[in-house]
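Subject: Handing over the structure

Dear colleague,

I am passing this structure on to you, and I would ask you to keep it open beside this message while you read. My notes on what was found in it follow below.

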Amino acid sequence: MCIKELSLKGVYLIEPNFISDNRGFFSRTFCKNEFSKMGLATEFPQWSISHNKKKNTIRGMHFQKPPHEEIKLITCTKGGIYDVLVDLREGSETYKKWISVELTETNKHSLYVPGGIAHGFKTLLDDTDVFYHISEFYHPEYSSGVLYNDEAFGIEWGNLDGLVISEKDLAWTNSRTLS
């Protein structure tokens, strides 16, 4: 596997290396030793899956506040997502900047997302599944988010025809409440 740091410090794209033959392929998607060498988290006590029925479903932008910040390892196992990350770490050189990555069942890439980063995605296909390994247990009292369309970030979501989004995700406040 190849682990590459992206433009938001501490965010990594994990690209598998495939060993293929007439049966199909084999690939490692996680290695505790390789993650440890890079100073990345290796303990993920909570695993979750998100099933999304419709294309153009947005989930996000979610994060957990200190002291229960979550590190996430995110993989799309069925369908495809336009995954978006926003840096909410005050003092970071990329504070309030965002990046996007396509994670699909075909490319089999994963994202390593450190604490202090808001995470969300838009489904690219109907019946999309997203698998999460999470470093922290869920603490509802520390759960938070920002609006997916907050003007302070200027996230480009592309076509949102038929948008599906929860009332909870529409109720997040804008980024002015972060400071």
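Before we come to the sheet, one term is needed: two strands pair if DSSP finds at least two bridges between them. Please also bear in mind that this is a predicted model.

With that term in hand, you can trace an open sheet of five strands in the order S9-S8-S11-S6-S13, with antiparallel pairing. At its edges lie strand S9 (98–104) and strand S13 (143–145), each of which pairs on one side only. Neighbouring strands of this sheet are turned by 30° against each other on average, if direction is ignored. Within the sheet, strand S8 (residues 80–87) and strand S11 (residues 117–123) run antiparallel and are joined by seven bridges, and if you would like a place to start looking, Val84 stands opposite Gly120 in S11.

A second set of pairings involves strand S12. Strand S5 (residues 46–52) pairs with S12 in the antiparallel sense over seven bridges, and here Ser50 stands opposite Val130 in S12. Strand S7 (residues 72–78) also runs antiparallel to S12, with six bridges joining the two, and Thr75 stands opposite Phe131 in S12. Is S12 itself enclosed or open to the outside? Six of the seven residues of strand S12 (residues 128–134) are buried, so this strand is largely enclosed by the rest of the structure.

Turning to the nonpolar residues, the largest nonpolar core has 17 residues, and those with the most contacts inside it are Val11, Leu85, Leu103 and Leu111. The elements that give two or more residues to this core are S7, S8, S9, strand S10 (110–113), S11 and S12. Apart from it lies another core, of 14 residues, among them Tyr82, Val86, Leu88 and Tyr148. To see how one member of the largest core is surrounded, you could select Leu111, which, not counting residues up to four places away in sequence, touches several residues, including Leu6, Val11, Ile14, Ile74, Leu85, Val101 and Leu103.

A residue in another setting is Glu34, which is found in helix H1 (residues 32–37). Is Glu34 buried, partly exposed or exposed? Its relative accessibility is 23%, and because buried would require a value under 20%, Glu34 counts as partly exposed. Leaving aside its neighbours within four places in sequence, Glu34 is in contact with Met1, Ile3 and Arg28, and a polar contact of 2.9 Å joins the side chains of Glu34 and Arg28. By contrast, Glu34 and Met61 are 27 residues apart along the chain, and their C-alpha atoms are separated by 29 Å.

Finally, here is the protein as a whole, which has two helices and 13 strands. Its radius of gyration is 16 Å, close to the 16 Å that the globule rule gives for 179 residues, so the protein is as compact as a globular protein of that length. The C-alpha trace spans about 55 × 40 × 30 Å along its principal axes, and 49% of the 179 residues count as buried. If you consider the contacts with a separation of 6 or more, residues 24 or more positions apart account for 79% of them.

With best wishes

Note on methods: Residues numbered from 1 in each chain as written. Predicted model: local features only at pLDDT ≥ 70, side-chain atom pairs only at ≥ 80, totals over all residues. Heavy atoms only, no water. Buried < 20%, exposed > 50% of the residue type's maximum accessible area, 1.4 Å probe, protein only. Helix = DSSP H or I, 4+ residues; strand = E, 2+ residues; numbered from the N terminus. Axes fitted to C-alpha atoms, helices over the stretch in contact; angles between N-to-C directions. Core = buried A, V, L, I, M, F, W, Y, C linked by side-chain atoms within 4.5 Å. Contact = heavy atoms within 4.5 Å. Polar contact = N/O pair within 3.5 Å; in protein donor to acceptor, adjacent residues only side chain to side chain. Rg over C-alpha atoms; globule rule 2.2 N^0.38 Å.
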